[in-house]
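User: I would like a close look at a single part of this model, followed by a careful account of how that part sits within the whole. Please take it slowly and join the details into one connected answer.

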Amino acid sequence: PQAPSRPSRLFALCVIMRRLLSYVAPQLPTILAGSLLLLFATLAELGVPSVAGALLDIYTNASAGDEQVGSRVDRALLRLMGLIAGMSACKHAGEYLLKSAGERAVVEVRSRLFLCQLTCSVQSLEEQPTGHLLSSLTAGSDAVRLCVTHHLPQVARSVASCLVASVYMASISPRLTLLAFGIAPLLGLLAAAVGTRVRALAQEQQRQASAATSVAAEALSAARCIKAFGGEAAVGAKYAAEAEAYYTLSMREMALHKLWNGGNLLLGGVATLGVVREAGRQVLSGALSAGSVSSFAVYGVATGYAASDAAHDTGRRLDLGGTSAAPRLHL
């Protein structure tokens, strides 16, 4: 079978998301409250580098005998402790609300799936193994749980982190921000292309492994017939060809990974060196302080990780449209 195209996967994802919203509709207030708490936790977390940079500037610019240094340090430490405490409280409260909403949605999905299986014809139930029916029930429930409690909140939080960190970077130095983001679109396009190709190769490997297993199962089940006609060599050659095709796909995926990792490291290194050079020039000219540069570096790393996490979780949601659990959510 051919791999599902990207438009068909997007359409399947939209249908699944619409069904998912119908399952979690009673829990939407809880989900929104949990998402807002996670957003507040993200804002508090991104405020920590700014306060830490200001604290570094206080120590760097302090002079002997300055009586106000102690009070300024105390205020900065109190702000830092408040941000950390608020981040921790909002994060855990939001995760608890989302988990409770997800478990309630799972109860609804499991009930609908089980009722759907019971309403099938007796012949259809007898044709399918009991283990397959039970695994379908579990797979559909797990897909909903992961969507509500992990992937969708993580995408929202990653996007918010990326945007807020970018605003902080621009407030520190617009020139450094433009320099840091100058290569980001290229890396993003390459990452999207490589990620799509890697997922396609992984699906091809799964199909090829299934084909090799099918050849082995058919040959072993018909071993008496194969021996009677002397077809051992032909069947063995066929299985070897399937195994060789799987090896070829595996090597192609590995080569793509290595090429991407090497190119990503090279491009990222060039961008980092450019930012470090410009940051050093602005520090020497007095336009920026050492604390501002350290905060900018932390925000840059946070933006990169947030963008990577958002792309990864979005890809996981697109992959849901091609999994065996997805059709069972169309209830």
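Analyst: With a relative accessibility of 53%, Arg175 counts as exposed, because the cut-off for that class is over 50%. This is a predicted model, and in it the side chain of Arg175 meets that of Glu278 in a salt bridge, with 3.4 Å from N to O. The two partners come from distant parts of the chain, since Arg175 belongs to helix H6 (residues 174-181) and Glu278 to helix H9 (residues 232-285), with their positions 103 residues apart. Their surroundings are unlike in accessibility: Arg175 is exposed at 53%, whereas Glu278 has a relative accessible area of 8% and is therefore buried, the limit being under 20%.

Glu278 has a second partner, for its side chain also meets that of Arg281 in a salt bridge, here at 2.7 Å from N to O. This pair is local, as both residues lie in helix H9, three residues apart, or about one turn of the helix. Arg281 has a relative accessible area of 40% and so counts as partly exposed, a class that lies between the limits for buried and exposed. Because the two salt bridges share a partner, Arg175, Glu278 and Arg281 are joined into one network. The count of salt bridges found by this rule is two.

Helices H6 and H9 can be followed a little further through Leu273, which also lies in helix H9. Leu273 is exposed, at 63% relative accessibility, and its C-alpha atom is 9.8 Å from that of Ala180, although the two residues are 93 positions apart in sequence. Helix H6, as given above for Arg175, covers residues 174-181.

The start of helix H9 can be approached from Ala219, which has its place in helix H7 (residues 184-221). Ala219 counts as buried, with a relative accessibility of 16%. If its neighbours within four places in sequence are left aside, Ala219 is in contact with Ile226 and Val235. For Val235 the C-alpha separation from Ala219 is 7.1 Å, across 16 residues of chain.

A link of another kind appears in the aromatic side chains, where a search of the whole structure finds one pair. The ring centres of Tyr168 and Tyr299 are 4.7 Å apart and their planes stand at 5 degrees, so the pair is stacked. Tyr168 lies in helix H5 (residues 130-172) and Tyr299 in helix H10 (residues 290-320), so this pair ties together parts that are 131 residues apart in sequence. Here too the partners differ in class, since Tyr168 is partly exposed at 27% relative accessibility, while Tyr299 is buried at 1%.

On the surface, Leu36, Leu39, Phe40 and Leu43 form a nonpolar patch whose accessible area comes to about 340 Å² together. Of these residues, Leu39 is found in helix H2, and its relative accessibility of 31% places Leu39 in the partly exposed class.

Set in the whole, these parts belong to a protein with 10 helices and zero strands, so that the pattern along the sequence is α-α-α-α-α-α-α-α-α-α. Among the contacts with a separation of 6 or more, 86% are between residues 24 or more positions apart. Buried residues make up 30% of the 331 residues, and the accessible surface comes to about 19,400 Å², of which carbon and sulfur atoms hold 67%.

Some care is needed over confidence. The mean pLDDT is 76, and 76% of the residues reach 70 or more. Helix H2 (residues 28-61) has the highest confidence, at 85, whereas helix H1 (residues 6-24) has the lowest, at a mean of 64. Over residues 1-6 the pLDDT is below 50, and this stretch has nine contacts in the model beyond near neighbours in sequence. The pLDDT is likewise below 50 over residues 320-331, a stretch with 29 contacts in the model beyond near neighbours in sequence.

Note on methods. Residues numbered from 1 in each chain as written. Predicted model: local features only at pLDDT ≥ 70, side-chain atom pairs only at ≥ 80, totals over all residues. Heavy atoms only, no water. Helix = DSSP H or I, 4+ residues; strand = E, 2+ residues; numbered from the N terminus. Buried < 20%, exposed > 50% of the residue type's maximum accessible area, 1.4 Å probe, protein only. Contact = heavy atoms within 4.5 Å. Areas by Shrake-Rupley, 256 points an atom, 1.4 Å probe, with all protein chains shown as cover. Phe/Tyr/Trp six-rings, centres within 6.5 Å; stacked < 30°, edge-to-face > 60°. pLDDT = per-residue confidence, 0-100. Patch = residues over 30% accessible without salt bridge, like charges linked within 9 Å, V, L, I, M, F, W, Y side chains within 5 Å. Salt bridge = Lys/Arg side-chain N within 4 Å of Asp/Glu carboxyl O.
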